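Me: I am new to reading protein models and would like a close look at a single part of this one. Please take me through it step by step, in plain words.

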Amino acid sequence: MSNQGIARIFRNMAFYLEMENAAFKPQAYEKAATNLEVSVEDIGEIYKKGGIKALEEIPGIGKSMAEHIVEYIKTGKIKEYEIFKKKMPVVLDELLGVEGLGPRKISILYKVLDIKNLKDLENAAKKHKIASLSGFGEKTEKNILEGIEFLKRSTGRFLLGHILSEAREIIAKLANLKEVSFISEAGSLRRRKETIGDVDILVISSKPRIVIDNFVSLPGVVKIWGKGSTKTSIRLKKGFDIDLRVLKKESFGSALQYFTGSKEHNIVLRKIAIEKGLKLSEYGLFRGERMIAGKIEEEIYEKLGLQFIPPEMRENTGEIELALKNKLPKIVELKNIKGDLHCHSHWGEGKEMSLQMIKRYAELAMKRGYEYIGISDHTKFLQIEHGLDEKQLAEQRKYINKLNQKLKIENYKLKILHGCEANIMADGSIDISDEALAKLDYVIAGVHSQLKMNKNEMTKRIIRAMKNPNVDIISHPTGRILQKREEYKIDFDEILKVAKETGAILEINASPYRLDLKDANIRRAKQIGVKMIINTDSHQEEQMYFMEYGVSQARRGWAEKGDIINTQPLKKLLEFFK
DNA sequence: GCCGTTTTCGGCCCGACTGTTTTCAGTCG
């Protein structure tokens, strides 16, 4: 019984309704699904607390949807959905994944050729049964086969951390063209979602054809489609797609706004425009024929009576309502970050090498303008990581003290803090003695073993760690690895409650493989008043640049400077530690 | 099916491109 589960059903119902050509209902279900997906509170909890009335309070959920939800909570099923499935027993997820196939075409393919899944579709296409259908043709059949091939090889979405640097390289190449006057990333990349489906790039140029011709001849292009006078798409050998759109200078702001999305955010903006007697599109904001804004993005929001909304917040999860009331939070920025407390130096693998590493961490920290950097190696339970025992921690301490003295003598304004990333054992105890922990500047503790405990036990385990008087920070609190490993089962609300009581700080792990806490959990933590810290969990000095991803994630969770303790100067930071 | 600072009916976001058509439906973002 999860928000995601019921959202998926609603989304599928939207597709079934579209197959039947129903008017407006599909969008209603679509919207309800999206609102459930992004809902911060668990739908089961909402119902338990406030009954069906509380469900109807959720935007996009009315009487009928609320009844569906109750039915789902009580029986695990929705009758209307079951009827749809019986009538149209197609594997929607599979078929909708094929480019160019939507509900209408899928419906025809099922009714005429009894195509239910990808396998059926491939067989039919190979036997040339599809081209002769009315509304289809040779090209469509070929595209379907190509779409299936791509699906088989494709890995789906890409990690933000992987795709952002790739996109930046391509943007830099295009920016060099003299025909390009402005260029920007857009879409979910600009919103810094943790995974990216494809890259959107917006270019301002008065010579779109030249830009598009250069774009499609970039190295590594394996497919080109949608090539028109203002836009085109390419697929790169690396497996991801890039959509390029070229517009004129006077539309830069509106185009950037439009292509940044999200779709849901834009729909609401256009409705606000209509209410004001205006029309908003990628070309600009218009009153009748007259353009009243378009050149810069800020202007679009201003003319609609809204505060400027940062891209990371544009998901239609309440940001527009706040912007209308001039009450948007001032979210944290990369430049607010004053240090990084989760850096591994691999002391256990050789202290000479490790010392050199700590020095390089310090150098890079100074380059980034940090006031402090924290070394936190794994501890003894993690043998595979050469975790440190009490004695080694004490020895490491001596060396770090020496380094700090040296920095002071040379008049550098950086302090190296000494911590560790201790292991939270199955019973919630810590694998290092309290006396040794007490001598450190701070203690991070994290779960690294026995990840498959039940919810109750895992919650108790982390709570006990937070109550330890020496534990300051919980690293990667939910344990997920993006696209690889689920979160461990925990009662997150309970953890937030105890974090608030004990002053334990939750980490926003900036590693692009984790990004843990995730955006929705950051919002909940902020609501409760739990402090957070953005750490890179660097295992090599170069990984300190992960900080950017952590900050984006914090911004997506609406965290403000005051919610994040490593925005504070050293003295203030240390006050947060027990 | 949802929603309301034109409130309980009558609206519901906008545009490009493709492939099939011969004026447009379907898909995508």
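How many bridges join S5 to strand S6, and in which sense do the two strands run?

Reply: Happy to help! Please keep in mind that this is a predicted model. Let's begin with your pair. S5 and strand S6, which covers residues 231-236, are joined by four bridges, and the two strands run antiparallel. You can find one partnership by eye: valine 221 has leucine 236 in S6 as its bridge partner. As background, strands of a sheet pair through backbone hydrogen bonds, and the pairing can be parallel or antiparallel.

Now let's step back to the sheet around this pair. Five strands make up an open sheet, and their order is S2-S4-S7-S6-S5, with mixed pairing. The edges are held by strand S2 (182-186) and strand S5 (221-225); each has a single partner strand, so one side of each is left without a neighbour in the sheet. On average, neighbouring strands of this sheet are turned by 25° against each other, direction ignored.

Two helices pack on this sheet. One is helix H10, residues 160-175, which touches S2, strand S4 (199-204), S6 and S7. The direction of H10 makes about 165° with that of S2. The other is helix H12, residues 208-216, which touches S4, S5, S6 and S7. Here the direction of H12 makes about 165° with that of S7. Your S6 is therefore touched by H10 and also by H12.

One strand of the sheet leads us to the DNA. Strand S7 (241-247) is among the elements that give two or more residues to the surface near DNA strand B, and so are helix H9 (138-153), helix H14 (263-275) and strand S8 (279-281). The largest share of that surface comes from H14, with five residues. In total, 47 residues surround DNA strand B, and the closest are Gly62, Phe136, Gly137, Tyr258 and Arg270. Of the atoms of DNA strand B that come within 4 Å of the protein, 79% belong to sugar and phosphate. The residues of the surface divide into 15 nonpolar, 14 polar and 18 charged.

A few atom pairs are worth zooming in on. A polar side-chain atom of threonine 140 lies 2.8 Å from a phosphate oxygen of DNA strand B. For glutamate 138, a polar backbone atom is 3.4 Å from a phosphate oxygen of this strand. Phenylalanine 136 also uses a polar backbone atom, which is 3.5 Å from a sugar or linking oxygen of DNA strand B.

Finally, S8, which we met beside the DNA, gives you another sheet to set next to yours. Three strands form this open sheet in the order S8-S9-S10, and the pairing is antiparallel. S8 and strand S10 (290-293) stand at its edges with a single partner strand each, so one side of each has no neighbour in the sheet. Neighbouring strands here are turned by 35° against each other on average, direction ignored. S8 pairs with strand S9 (residues 284-287) over three bridges, in the antiparallel sense. To see one such position, look for lysine 279, which stands opposite phenylalanine 286 in S9.

Note on methods: Residues are numbered from 1 along each chain as its sequence is written. Chains are lettered from A and ligands numbered from 1 in the order in which they are written. This is a predicted model: local features need pLDDT of at least 70, side-chain atom pairs count only at pLDDT 80 or more; totals for chains, interfaces and linings use all residues. Side-chain values use heavy atoms; hydrogens and water are left out. A residue is near a molecule or strand if one of its heavy atoms lies within 4 Å of it. A polar contact is a pair of N or O atoms within 3.5 Å; within protein, one must be able to donate a hydrogen and the other to accept it, and residues adjacent in sequence count only if both atoms are side-chain atoms. Ala, Val, Leu, Ile, Met, Phe, Trp, Tyr, Cys and Pro count as nonpolar, Asp, Glu, Lys and Arg as charged, and the others, Gly among them, as polar. Two strands pair if DSSP finds at least two bridges between them. Axes are lines fitted to C-alpha atoms, for helices over the stretch in contact, and angles run from 0 to 180 degrees between N-to-C directions. Contact means heavy atoms within 4.5 Å.
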